[in-house]
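User: I'm just starting out with protein structures, and I'd like a close look at one part of this one. Could you walk me through the last helix and what surrounds it?

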Amino acid sequence: MAKENYFTLLEIPANANTDQIKEAINKKKSQWQAETKNPRKQMQARKNISNIPEIERIMLDDDLREIERQKFV
């Protein structure tokens, strides 16, 4: 299965700035933590939580974010 685009995963627009991205990551962290208690969402939530370092690495780096943005549009 292909990796979900991080713009889609974080539910942010392609033109989101760094502050919006950080805010979205924090919001999703909280959501995914809560979802680990839901048997139906638990597996995906844990996967998303384990991917947070990679999400941050890509989305908080201008060059890597641009590559991800190109895949999004």
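Analyst: Let's start with one cut-off: a residue is called exposed when its relative accessible area is over 50%, buried when it is under 20%, and partly exposed in between. Glu11 shows how that works: its relative accessibility is 60%, so Glu11 counts as exposed. Keep in mind that what you're looking at is a predicted model.

Now to helix H5, which covers residues 62-72. Right before the helix sits Asp61, which caps the N-terminal end of H5. A side-chain oxygen of Asp61 lies 3.0 Å from the backbone nitrogen of Asp63.

Which residues of H5 are buried? They are Arg65, Glu68 and Arg69. Looking down the axis of H5, you'd find these buried residues within an arc of 105 degrees, so they line one face of the helix. Turn to the face pointing away from that buried side, and you meet the exposed residues Asp63, Gln70 and Lys71. So what covers the buried residues of H5? The cover includes H1, H2 and helix H4 (52-59).

Let's zoom in on Arg65, which is in H5. Its relative accessible area is 7%, and because the limit for buried is under 20%, Arg65 counts as buried. Leaving out residues up to four places away in sequence, Arg65 touches Phe7, Ala16, Thr18, Ile21, Ile58, Met59 and Leu60. With Met59 there's something more specific to look at: the side chain of Arg65 reaches the backbone oxygen of Met59 at 2.6 Å. You can also check how the chain folds back here: Arg65 and Ala14 are 51 residues apart along the chain, yet their C-alpha atoms are separated by 9.4 Å.

Met59 takes us to H4, one of the helices covering H5's buried residues. In H4, the buried residues are Ile52, Ile55, Ile58 and Met59. Down the axis of H4, they fall within an arc of 135 degrees, so they line one face of that helix. Their cover includes H1, H2, H3 and H5. Two of the names should ring a bell, since Ile58 and Met59 are among the residues that Arg65 touches.

Next, follow the chain back to the loop between helix H1 (6-10) and H2, where you'll find Glu11 again. Glu11 is not a glycine, but it has a positive phi of about 55 degrees. Asn17 lies in the loop between H1 and H2 too. At 39% relative accessibility, Asn17 counts as partly exposed. The side chain of Asn17 reaches the backbone nitrogen of Asp19 at 3.0 Å. If you measure across from Asn17 to Lys41, the C-alpha atoms are separated by 29 Å, with their positions 24 residues apart along the chain.

That brings us to H2, another helix in the cover of H5's buried residues. Gln20 is found in H2, and at 40% relative accessibility Gln20 counts as partly exposed. H2 also has a partner in H3: the axes of H2 (residues 18-35) and H3 (residues 42-50) come within 8 Å and cross at roughly 145 degrees. The crossing is left-handed. On the H2 side, the residues in contact are Trp32, Gln33 and Glu35, and they meet Gln42, Ala45, Asn48 and Ile49 in H3. Sorted by type, the residues of this contact are three nonpolar, three polar and one charged.

Two members of that contact are worth a closer look. Glu35, in H2, is buried, with a relative accessible area of 16%. Not counting residues up to four places away in sequence, Glu35 touches Lys41, Gln42 and Ala45. Asn48, over in H3, is buried as well, with a relative accessible area of 7%. Leaving aside neighbours within four places in sequence, Asn48 is in contact with Leu9, Trp32 and Ile55. Ile55 is one of the buried residues of H4, which links this spot to the helix we met just before. As a last bit of scale, the C-alpha atoms of Gln20 and Asn48 are 19 Å apart in space, and the two residues are 28 apart in sequence.

How values were computed. Residues numbered from 1 in each chain as written. Predicted model: local features only at pLDDT ≥ 70, side-chain atom pairs only at ≥ 80, totals over all residues. Heavy atoms only, no water. Axes fitted to C-alpha atoms, helices over the stretch in contact; angles between N-to-C directions. Helix = DSSP H or I, 4+ residues; strand = E, 2+ residues; numbered from the N terminus. Left-handed = near helix turned anticlockwise from the far one by under 90°. Contact = heavy atoms within 4.5 Å. Nonpolar A, V, L, I, M, F, W, Y, C, P; charged D, E, K, R; others polar. Buried < 20%, exposed > 50% of the residue type's maximum accessible area, 1.4 Å probe, protein only. Arc of directions from axis to C-beta. Polar contact = N/O pair within 3.5 Å; in protein donor to acceptor, adjacent residues only side chain to side chain.
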